[in-house]
Amino acid sequence: MSKPLPPYPASRKVDQIDEYHGTKVQDSYRWLEDPDSEETKAWVEAQNQVTFAYLNEIPEREKIKQRLTQLWDYEKYGIPFKEGNRYFYYKNDGLQNQSVLYTLTSLDAEPRVLLDPNKLSEDGTVALSGIAISDDGNLMAYGLSTSGSDWQEWKIRDVETAEDLADHLKWIKFSGASWTKDNKGFFYSRYDEPNEKTKLEDVNYFQKLYYHRFGTPQSEDILIYHRPDQKEWGFSAGVTEDGKYLIISVWLGTDPKNLVFYKDLTAPSAEVVELISEFEASYSFIDTDGSVFWFQTDLDAPRGRVIAINISNPSRDNWKEIIPQADEVLESVGLLNNQFVADYLKDARTQIKIFNLDGAFVREIELPGIGSAGGFGGKRYDTETFYSFTGFTTPATIYRYDMISGKSTTYRQPKVDFNPDEYETKQIFYTSKDGTQVPMFITHKKGLNMDGSNPTYLYGYGGFNVSLTPSFSVSNVVWMEMGGVYAVPNLRGGGEYGEEWHQAGTKVNKQNVFDDFIAAAEWLIANKYTSPAKLAIGGGSNGGLLVGACMTQRPDLFAVAVPAVGVLDMLRFHKFTIGWAWCSDYGSPENPDEFKALYAYSPLHNLKPGTSYPATMITTADHDDRVVPAHSFKFAAALQEAHAGENPVLIRIDTKAGHGAGKPTAKIIEEIADKWAFLVRSFSESA
């Protein structure tokens, strides 16, 4: 018998009406868009009191937290990489809030701590957000982010002494750094200084590309490129391995299509040259061979191919295809041992193939099983490289690969306190509403009773060309140890089958993504894995939108919904920070046809009064400047007002945290324990 819920905090309603293309839309909780007002802060505190009072009463919560902590406590190594005559790698001893960066002079030498982010703040909320090491391995530029913000500050550290230099760069966002071959400075992108009070909500426009010479103040940095006529353009710049060119990739929001410009670094007065000046395809720079530039592109090849452009004769008629499009999706291409190393995705599983520079196939690298491989970094003539391999029940193991012999040897294997042989993963294909075949990974303990009674967590994303591939997660192992099923469908909108698959889940086709997710739930029920009373759905960010849309469209199909840091107000998402950049996937409320599609599924605008919604725990963070918390705040207030059933509809608001990047281990464990405890209690009360 479920206990009566405490009353939800009052959410004041305002008479705010906006008109879109002749449609009047009520926005009763507009005031919650200001995260810093006293009223919003009081609302956040009141909501958290109700939520944590509910979570604190769940007897299983402490046990789940203990098991998560115990299982999490294993050494996690990053893939080693080399610059100059040094190796670098990240390592977490187990429960450290942030991974530590080490350096060593050879693989069997004694490692030395180069940077320990845990010492930058008491509570682990200052995170290392990026590094760039000079060609000689002597200097490291590094970025820091506080409380999960996208804003970064960059500094420079002497690798030998592990001491910082005086350099301090600010107002950097969505940027890495790339050193010049002479090791004297690097290129990076920044925005103008924002308003201190509203920097977590303000829209980010007019990114600029600069060169910073180390040992000088930021005020003396040289502006390399900017476009006052293109407020939405962003610039990602990298120096070629031979040091001769600066390659500038111009991005527009989250659209994979980009432009490519370059600058000859051997001629100081050289202008920036526009090599590819139309947003018609994605071009990812691989390397150069004299005046020949190699690119991975989806131009006329939605699953990707490799082309060569000779910049001394750059007209399109002279472009050469090196590696043609395959049946599988080309994810990335690197250059090692003077050969291309190509990473393909076949039904969301990794395949690695090696080709000669003329495109001739050499061999496929034999991987340890079905899963995801990553790494294969290095310089053009390196004969050794490293990669990691992981699956749903395989913790990330690092292998050393010899490019000449073709042999993999284990370099680091983690020791985790669980037995993978007790679990199984299978991949099935199901039919979505319009007949499309969609793959889904299902992982659980062996010997599962197929009687429809298994608690099941269905997780999805479906957007922005992101592929969900097999990966190990302590969180999911704890769920499966408790008898849970973990299911991941590869929805349209993702990148699993190339650009056509991505486009089929965008803009006016976005409903396909929700149909695919709903069809996955129906397949699991029809095949006796679970039943609506034992089915939970979860996802974060764009996946939070997925959960919000599906729980409002089919509240009868799920017992529990956990939308995390979700995009839930589809009419105002483009008005905050980098939200405008998502119009490439979502469409824009300013466009009449796209508005119609957005309004039809926007979770905030499709809550129906008097409906019994699934037990819901919305999660967000007060410092999220990627998907501002206003989305979750307004949706929670509206859901609590519309909901007519006995299921709890709660919001859990993390303080001093952001969208998820750089989140301390302690905070992650707390949040997961709360999520699984919420599922356990909700399933026991819906049974």
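**Close-up 1. Helices α2 and α3 cross in a right-handed manner in this predicted model.** The axes of α2, which spans residues 60-72, and α3, which spans residues 474-481, come within 10 Å and cross at roughly 130 degrees. Angles from 115 to 145 degrees count as oblique, and α2 and α3 are therefore oblique to each other. On the α2 side the contact is made by Ile 64, Arg 67, Leu 68, Leu 71 and Trp 72, while α3 contributes Val 474, Ser 475, Val 477, Val 478 and Glu 481.

**Close-up 2. Helix α3 packs against helix α10.** With axes 11 Å apart, α3 and α10 (residues 665-686) pack at an angle of about 25 degrees, and that angle makes α3 roughly parallel to α10, since values under 35 degrees are classed in this way. The crossing of α3 and α10 is right-handed. In the contact, Ser 475, Asn 476, Val 478 and Trp 479 of α3 meet Ile 672, Trp 676, Leu 679 and Phe 683 of α10.

**Close-up 3. Helix α3 is largely enclosed by the rest of the structure.** This description holds because seven of the eight residues of α3 are buried, namely Val 474, Ser 475, Asn 476, Val 477, Val 478, Trp 479 and Met 480. The buried residues of α3 pack against the helices α2 and α10 and also against the strands β32 (423-431), β33 (437-445), β34 (456-459) and β35 (485-489).

**Close-up 4. One aromatic cluster includes residues of α3 and α10.** The cluster is formed by Phe 392, Phe 441, Tyr 457, Tyr 459, Trp 479, Tyr 486, Trp 676 and Phe 683. Among its members, Trp 479 belongs to α3, whereas Trp 676 and Phe 683 belong to α10, and these three residues also take part in the contact of the two helices. Trp 479 is, in addition, one of the buried residues of α3.

**Close-up 5. Trp 179 and Phe 186 form one of the aromatic pairs of the model.** Counting ring centres that lie within 6.5 Å of each other, the model has 49 aromatic pairs. The rings of Trp 179 and Phe 186 have their centres 5.3 Å apart and their planes at 65 degrees, so this pair is edge-to-face. Trp 179 and Phe 186 are both buried. A further edge-to-face pair is formed by Tyr 497 and Trp 501, at 4.9 Å centre to centre and with 70 degrees between the planes. Here Tyr 497 is partly exposed, with a relative accessible area of 26%, whereas Trp 501 is buried, with a relative accessible area of 11%.

**Close-up 6. Two arginines lie over tyrosine rings.** The charged end of Arg 412 sits over the ring of Tyr 77, at 4.0 Å from the ring centre. Arg 681 lies over the face of Tyr 54, and here the distance from the ring centre is 3.8 Å.

**Close-up 7. Ala 642 is a buried residue of helix α9.** Helix α9 covers residues 630-642, and Ala 642, with a relative accessibility of 8%, counts as buried because the limit for this class is 20%. Although Ala 642 and Gly 610 are 32 residues apart along the chain, their C-alpha atoms are separated by 5.8 Å. Setting aside neighbours within four places in sequence, Ala 642 is in contact with Leu 607, Lys 608, Pro 609, Gly 610, Thr 611 and Tyr 613.

**Close-up 8. Lys 407 is an exposed loop residue.** Lys 407 is found in the loop between β30 (394-402) and β31 (408-412), and its relative accessibility of 55% places it in the exposed class. Beyond its neighbours within four places in sequence, Lys 407 is in contact with Arg 400, Tyr 401 and Asp 402. The C-alpha atoms of Lys 407 and Gln 47, which are 360 residues apart along the chain, are separated by 56 Å.

**Close-up 9. Asp 347 and Asn 465 have positive phi values although neither is a glycine.** The phi of Asp 347 is about 50 degrees, and this residue lies in the loop between β25 (339-346) and β26 (349-355). At 21% relative accessibility, Asp 347 counts as partly exposed. For Asn 465 the phi is about 65 degrees, and the residue lies in the loop between β34 and α3. Asn 465 likewise counts as partly exposed, at 30% relative accessibility.

Notes
Residues are numbered from 1 along each chain as its sequence is written. This is a predicted model: local features need pLDDT of at least 70, side-chain atom pairs count only at pLDDT 80 or more; totals for chains, interfaces and linings use all residues. Side-chain values use heavy atoms; hydrogens and water are left out. Rings of Phe, Tyr and Trp (its six-membered ring) pair if their centres lie within 6.5 Å; planes under 30 degrees apart count as stacked, over 60 as edge-to-face and the rest as tilted. Buried means under 20% relative accessible area, exposed over 50%, partly exposed in between (1.4 Å probe, protein chains only). A charge sits over a ring if NZ of Lys or CZ of Arg is within 6 Å of the ring centre and within 35 degrees of the ring normal. Axes are lines fitted to C-alpha atoms, for helices over the stretch in contact, and angles run from 0 to 180 degrees between N-to-C directions. Helices (H or I, at least four residues) and strands (E, at least two) are DSSP runs, numbered from the N terminus. Angles under 35 degrees count as roughly parallel, over 145 as roughly antiparallel, 65 to 115 as roughly perpendicular and the rest as oblique. A crossing is left-handed if the near helix is turned anticlockwise from the far one by less than a right angle, and right-handed if clockwise. Contact means heavy atoms within 4.5 Å.
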